[in-house]
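User: Please take a close look at a single strand in this protein chain. I would like to know how it is covered and what it pairs with.

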Amino acid sequence: MLTTPLNIQKKLEIAVKAIDSKKANNIIAMDMHKVSLMADYFVIADATSNRQVQAIVTEVKDKIQEAGGDIKLIEGFQTADWVLIDLGDVIVHVFSTEQRDFYNLERLWHDAPYVDLTKLLVAE
């Protein structure tokens, strides 16, 4: 059975919903089209414990694979301070809260506009 590859918007949607389902903090997505050749989108979130970081990463991996998508690389899973999930055109960064504050990718990539995620996130 042939499956069509996930488009960029679907990858972004699946990743954000998976992250949100595991109660990550401060979920944002940045449109990297005009500021980086690495990826079209960065998704950034944090969690209060390393166990929660790992649970979030596992959920993203499982949901992307269930939808027929590929995981190119997962880096940092064991230490779970900063885990990078490479989905090709979407890069997901899941930090411990302390590491997110320290690395502050939002400031580093401040030229990238934020993506409106209100339709994807569950209201609290």
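Analyst: **Strand β2 and its neighbours**

Strand β2, which covers residues 41–47, is mostly covered, with 7 of its 7 residues buried. The model is a predicted one. Buried here means under 20% relative accessible area. The cover applies to both faces of β2. On one side, Tyr-41, Val-43, Ala-45 and Ala-47 are buried, and on the other side so are Phe-42, Ile-44 and Asp-46.

The pairing of β2 comes next. Strand β1, residues 25–31, is joined to β2 by 5 bridges, and these two strands run antiparallel. Within that pair, Ile-28 has Ile-44 of β2 as its bridge partner. Ile-44 is also among the buried residues of β2. Strand β5, residues 90–96, pairs with β2 in the parallel sense, over 7 bridges. In this pair, Ala-47 stands opposite Ser-96 of β5.

As for the chain around the strand, its secondary structure consists of 4 helices and 5 strands. Read from the N terminus, the order of the elements is α-β-β-α-β-β-β-α-α. The radius of gyration is 14 Å, close to the 14 Å that the globule rule gives for 124 residues, so the protein chain is as compact as a globular protein of that length. Its C-alpha trace spans about 45 × 35 × 30 Å along the principal axes.

Over the protein chain, buried residues make up 41% of the 124 residues. Of the contacts with a separation of 6 or more, 59% are between residues 24 or more positions apart. The accessible surface of the protein chain is about 7300 Å², and carbon and sulfur atoms account for 53% of that surface.

Note on methods: Residues are numbered from 1 along each chain as its sequence is written. This is a predicted model: local features need pLDDT of at least 70, side-chain atom pairs count only at pLDDT 80 or more; totals for chains, interfaces and linings use all residues. Side-chain values use heavy atoms; hydrogens and water are left out. The radius of gyration is taken over C-alpha atoms; the globule rule is 2.2 Å times the number of residues to the power 0.38. Buried means under 20% relative accessible area, exposed over 50%, partly exposed in between (1.4 Å probe, protein chains only). Contact means heavy atoms within 4.5 Å. Accessible areas come from the Shrake-Rupley method with a 1.4 Å probe; for residues, only the protein chains shown count as cover. Two strands pair if DSSP finds at least two bridges between them.
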